[in-house]
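Visitor: I am new to this and would like to know how the labels on a structure are earned. Could you show it to me, please?

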Amino acid sequence: MKYLCIECDEGMEFVEAEVSEEEFLSVTFICPKCQKRIALLTNPQETQLVRALGVSLGGRTVPPEPFEQIRTTLVRQREGLFLTEEKEIIWTEEAEKRLERVPSFVRPKAKKFIEDYARERGYRKITTEIMDEAGEKIEIGM
Amino acid sequence: MPKKYKDIIGDGGSNIVGQVTQQIGRLRSRMEKVKHKVAVISGKGGVGKSVVTVNLASALASQEYTMGVLDADVNGPSVAKMMGVRGQRLKIGGNGVSPAVGFLNIKVMSMDLLLPKDETPVVWDAPTQRDAFVWRGTMEVSTLREFLSDTKWGELDFLIIDLPPSIEKFPNMAQLLPDLGGVVLVTIPSEVSHLVVKKSVTTVKELGIPVVGLIENMVGYLCLNCGKVGDLFKTVEEGEKMAEEMDIPYLGGIPFDPRISIASDKGVPFVLEYSDSPAGRAFIEIGGKIKGFLGE
């Protein structure tokens with residue numbers, strides 16, 4: 001949609017967009033020649049139609065996040081739906097061998113605890129020293 | 001004579017056109033790594049599109065093809081359940097969202113993965129739900145665009161897209177994916193179904209999208225006691241004849257096997273468990289025909 005100042009025969013330029021609490025949209029345009037201003041006014045349904053396009057009037061300063069439209073407008077979403085992608089944690093050979101000594105029924109829990117502990121502290125590689133550190137926090141039979 | 005639309009360069013700074021162009025660019029860039037995109041449609045509800053989608057994807061995956069399935073039925077998603085990936089959490093990071101991963105490494109994206117409960121409908125945030133018909137269709141297209149462009153599909157041989165029952169959604173998908181490799185149409189052996197599916201065939205043809213062919217689902221009933229296939233519907237017009245009449249390939253018929261619905265409820269693709277059954281063989285054979293159509 002474009003706006004023309006008929007008097008000047010000049011395309012009008014976007015100035016600003018405002019959305020009221022009741023979702024009435026007001027978009028102001030100006031004629032670059034005579035400085036005359038006009039406003040496009042929409043009702044809430046029309047405002048929502050523009051929003052449904054996944055665009056921001058006047059442009060964006062940062063690119064949209066993945067699934068931005070869905071995440072910001074889907075009313076009921078699963079709790080904790082999106083996990084932030086975790087960096088892969090590497091285990092040293094010694095640490096892996098030590099983990100093997102943990103009773104099998106608690107091993108997955110122990111592994112997860114140590115990896116979470118390492119991630120929280122920014123460690124990428126799990127050594128026996130880190131296992132000791134983590135072990136001080138919880139009794140997991142290591 | 002005042003200036004016309006095309007005489008004014010740009011959109012005066014509202015930048016809507018620019019953002020839509022960027023959205024399309026992101027979509028194209030993601031889809032470049034997907035070799036073949038195939039839509040499964042019908043026009044008629046309840047003919048088994050999702051079952052066909054899941055089992056064709058699984059049949060092809062079992063032949064070492066890298067597969068993705070997009071459940072494009074935003075309001076009635078069922079693919080995640082049939083693929084056994086419900087409850088998987090989605091990882092977000094970098095330039096996209098990692099999809100759920102099912103049997104044979106099949107990547108799945110579906111609205112079902114985002115909803116909290118079985119009974120939760122899709123409701124979009126809006127100042128009022130009154131007159132929502134004005135914008136709901138646009139919202140659904142934006143959702144599908146994000147599913148396509150923001151999901152980390154990676155390199156795929158096939159992306160199979162399960163469309164909702166009504167044909168009205170198909171042109172939107174065709175616009176999002178101008179390089180759609182083809183459309184598979186699903187019907188059942190009933191005159192009522194054929195009546196509706198024929199309209200879908202015409203729509204697809206008029207859009208200039210290649211028709212891979214017609215699948216006739218629930219052709220007969222497989223008796224699990226005696227192994228014989230009996231009539232399930234009183235067939236007035238066979239699918240093969242309909243395909244001939246509409247000048248499209250007939251890909252084959254799939255007999256109704258009660259284990260298909262059991263497998264779907266269990267979240268295990270039927271074709272992986274019963275590849276030697278009549279229905280399992282039919283899925284594999286039809287998968288082969290689709291491959292052939294797309295030059296694989």
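Guide: Here are some questions about cysteines, salt bridges and burial in this predicted model.

Visitor: How do you know that the structure holds zero disulfides?

Guide: A disulfide needs two cysteine sulfur atoms within 2.5 Å. For Cys5(A), the nearest cysteine sulfur belongs to Cys8(A) and is 3.7 Å away, so Cys5(A) is in no disulfide. In chain B, the cysteine sulfur nearest to Cys223(B) is that of Cys226(B), at 3.6 Å, so Cys223(B) is in no disulfide either.

Visitor: Why is Cys5(A) called buried?

Guide: Buried means under 20% relative accessible area. Cys5(A) has 4%, so the word fits.

Visitor: What makes Lys169(B) and Glu168(B) a salt bridge?

Guide: The cut-off is 4 Å between nitrogen and oxygen. Their side chains meet at 3.8 Å, N to O, so the pair counts. Glu168(B) is exposed because its relative accessible area of 53% is over 50%. Lys169(B), at 26%, falls in between the two limits and is therefore partly exposed.

Visitor: What makes Lys198(B) and Glu245(B) a pair that ties parts together?

Guide: These two side chains form a salt bridge at 3.3 Å, N to O. Lys198(B) lies in helix H6 of chain B and Glu245(B) in helix H7, so the pair ties together parts that are 47 residues apart in sequence.

Visitor: Is Asp257(B) buried or exposed?

Guide: Asp257(B) is buried, because 0% is under 20%. Asp257(B) also forms a salt bridge with Arg259(B), with the closest N and O atoms 2.8 Å apart.

Terms used:
Residues are numbered from 1 along each chain as its sequence is written. Chains are lettered from A and ligands numbered from 1 in the order in which they are written. This is a predicted model: local features need pLDDT of at least 70, side-chain atom pairs count only at pLDDT 80 or more; totals for chains, interfaces and linings use all residues. Side-chain values use heavy atoms; hydrogens and water are left out. Buried means under 20% relative accessible area, exposed over 50%, partly exposed in between (1.4 Å probe, protein chains only). Helices (H or I, at least four residues) and strands (E, at least two) are DSSP runs, numbered from the N terminus.
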